[in-house]
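Here is my note on the model you sent. The points are numbered so that you can reply to them one by one.

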Amino acid sequence: MLKLIRNRLLLGVLTLFAVSILIFVCTEILPGDVASAVLGQGATPEALVIFRKELGLDLPAYLRYWNWLVGALQGDLGVALTNKRVIVDEIMPRLANTLFLAGYAALIAIPLAVGLGVYSAINEGKLSDKLSNISTLVAISLPEFFVAYLLIIFMAVKFTWFPSLSTVFPDMPLSDRIYQTTLPAITLTLLVAAHMLRMTRSSVLAVMSTPYIEMAFLKGARRQRVITRHALPNAAAPIITVVALNLAYLVVGVVVIEAVFVYPGLGQLMVDAVAKRDFPVIQACGLVFATVFVLLNTLADILVILVNPRLRHKR
């Protein structure tokens, strides 16, 4: 088991290294000149040369990547081009806001999705199961920005239950922060709960066809007890995987939601950096998103190893 966990951790590090190369290359091949975009059309050739030298653009690409990677490993992500602020100091409060929103949505989505998924498996083929399948399919099919605007129209404009813009600040009370972020949290919940519900239902029903489950039924056990006591623990591995993937989506995929609700999170910071062509901030945000995604997937792999007896013991 320790060997498998070590291999998963090593694979996560290698994946993050490959993603860092991809992030750097993608920002490097973007059209246009960074110095010209920052200084504007009125910049003189001498000013452009000096600014490129300050940014290190006169160095070869592999040296610039190496300097960026070494700095990132030491916690130094550089300085923003637009306001000359240290990127780490600018990212940390934004990351805290994004994690708060993702955690808020996860506290609603995970119990709701797993509970309804088990309930649908218990009532397979009944009206409640068919309604859950239809509703989850509709939720998966709708784009996230469309769901967000529908919620704004009905819950913020028509009934004025929640604010249309999620404005938060550092010293805000927890109750006000929860109120301000409820609408984007509901949007994220509707998007990720559908995936987790369908996977929970499918995993439980897949285990239901195994021989030991049939033996439990032959002994006279009730369907609800068989599912909750025997099927659900053995269906935990794929459920853990899909929960981890959706948790990663809650952190990484909030860019559109934060832009719609003008929420001061990491996704909104990345959108603003793209508009201003602030490449160091874009690279830093992409690296943070990739790190969170890889960490959550690595944690899911380790948890699957821990809950699966066939992986915990030698064959």
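How many helices and how many strands does the chain have?

1. Overall make-up. The chain has 15 helices and 0 strands; both are DSSP runs, with H or I over at least four residues for a helix and E over at least two for a strand, numbered from the N terminus. The C-alpha trace spans about 85 × 60 × 35 Å along its principal axes. Of the 315 residues, 41% count as buried. Here buried means under 20% relative accessible area, exposed means over 50%, and partly exposed lies in between, with a 1.4 Å probe and protein chains only.

2. Basis and confidence. This is a predicted model, in which local features need pLDDT of at least 70 and side-chain atom pairs count only at pLDDT 80 or more, while totals for chains, interfaces and linings use all residues. Residues are numbered from 1 along each chain as its sequence is written, and side-chain values use heavy atoms, leaving out hydrogens and water. The pLDDT, the predictor's confidence in each residue from 0 to 100, averages 80 over the chain, and 90% of the residues score at least 70. Among the elements, helix α5 (residues 87-122) has the highest mean, 86, and helix α15 (residues 309-312) the lowest, 59.

3. Cysteines. The structure holds 0 disulfides, a disulfide being a pair of cysteine sulfur atoms within 2.5 Å. Why is Cys26 not bonded to Cys285? The sulfur of Cys285 is the closest cysteine sulfur to that of Cys26, but at 15 Å the two are too far apart for a bond. Cys26 is partly exposed, at 38% relative accessibility, whereas Cys285 is buried at 0%.

4. Nonpolar surface patch. Ile134, Val138, Leu142, Phe145, Phe146, Tyr149, Leu150, Ile153, Phe154, Phe159, Trp161 and Val256 make a nonpolar surface patch of about 1100 Å². The elements giving two or more residues to the patch are α6 (127-141) and α7 (144-158). Helix α7 gives the most, with 6 residues. Leu150 lies in α7 and is partly exposed, with a relative accessible area of 31%. Patch residues have over 30% relative accessible area and no salt bridge; like charges are joined within 9 Å, and nonpolar side chains (Val, Leu, Ile, Met, Phe, Trp, Tyr) within 5 Å. A salt bridge is a side-chain nitrogen of Lys or Arg within 4 Å of a carboxyl oxygen of Asp or Glu. The areas come from the Shrake-Rupley method with a 1.4 Å probe, and for residues only the protein chains shown count as cover.

5. Helix α11. The 17 residues of helix α11 (residues 236-252) should span 24 Å at 1.5 Å a residue, and the end C-alpha atoms are 24 Å apart, which agrees. The expected span is 1.5 Å times one less than the number of residues. Buried residues of α11 include Ile239, Ile240, Asn246 and Leu250.

6. Arg201. This residue is in helix α8 (residues 174-208). Is Arg201 buried or exposed? At 15% relative accessibility, Arg201 counts as buried. The C-alpha atoms of Arg201 and Ala235 are separated by 9.5 Å, with the two positions 34 residues apart along the chain numbering.

7. Positive phi. Most residues other than glycine have a negative phi. Thr160, in the loop between α7 and α8, has a positive phi near 50° and is exposed at 56%. Val262 also has a positive phi near 50°; Val262 lies in the loop between α12 (255-261) and α13 (266-276) and is partly exposed at 44%.
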